[in-house]
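Visitor: Could you take me through one part of this structure in some detail? I would like to see how a helix packs and what lies around it.

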Amino acid sequence: NRPQGIVRRSSWRIIVHDMSRRDIDLALRLIADRLPHLRQPRRLNPRAFAPGRRVLGQYRLLTDTLRLNARYLDDLDDMHALDLLDTLLHELLHGNSGLLRQVRDSFRPHPDIWHQAGRLRDLLADEFLTRRGAGDGDS
């Protein structure tokens, strides 16, 4: 049995368990489509952190898991949806970094990752917001 909120990937598709995750799934699909060089993790836990916590996301190397703050499961306005996209890109950049870099970044600021995630977010923002408005990903 898998704990509620833990999902596994099958190919690039995320299998949803017990929650509404439209924006998360939409963002991950867009990233897979437009940035296929960013390998996506095998597991995703979209409720790893309580909504009130400061931590927005985390990549865990040993379990190949991307962990997100549960606030991203709420209905998001465009500003918060772009924050989600930025967080996903940030954590995917960590997950695609070398082992030593991942360990080092766990203990120190990493503004280069923040800036790179911001640039990629800006690159994908219009298409992401358009897909959200068009209802892409709705069942």
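**A close look at helix α2**

Guide: Gladly! α2 and α4 are oblique to each other, because their packing angle is about 135°, and please keep in mind that this is a predicted model. Helix α2 covers residues 78-95 and helix α4 residues 111-134, with their axes 8 Å apart. The crossing of the two helices is right-handed.

Now for the residues that meet. On the α2 side you will find Asp 78, Ala 81, Leu 82, Leu 85, Asp 86, Leu 89, His 90, Leu 93 and His 94. Facing them, α4 brings Ile 113, Trp 114, Gln 116, Ala 117, Gly 118, Leu 120, Arg 121, Leu 124, Ala 125, Phe 128, Leu 129 and Arg 132. Sorted by class, this contact of α2 with α4 holds 13 nonpolar, four polar and four charged residues.

Helix α2 has another role to show you, in the lining of the largest pocket. That pocket has a volume of about 730 Å³. It is lined by 22 residues, and those closest to its centre are Gly 57, Gln 58, Glu 91, His 94 and His 110. His 94 is thus a residue to look at twice: it belongs to the α2 side of the contact with α4, and it is also among the residues closest to the pocket centre.

As for the elements around the pocket, β4 (57-60), α2 and α3 (99-105) each supply at least two lining residues. α2 gives the most, with five. By class, the lining divides into eight nonpolar, eight polar and six charged residues.

Definitions and conventions:
Residues numbered from 1 in each chain as written. Predicted model: local features only at pLDDT ≥ 70, side-chain atom pairs only at ≥ 80, totals over all residues. Heavy atoms only, no water. Axes fitted to C-alpha atoms, helices over the stretch in contact; angles between N-to-C directions. Helix = DSSP H or I, 4+ residues; strand = E, 2+ residues; numbered from the N terminus. Parallel < 35°, antiparallel > 145°, perpendicular 65-115°, else oblique. Left-handed = near helix turned anticlockwise from the far one by under 90°. Contact = heavy atoms within 4.5 Å. Nonpolar A, V, L, I, M, F, W, Y, C, P; charged D, E, K, R; others polar. 1 Å grid on protein atoms, 1.4 Å probe; cavity = no way out; pocket = protein on both sides within 12 Å on 5 of 7 lines; lining within 4 Å. Points joined across faces, edges and corners; volume = space filled by probe spheres on them.
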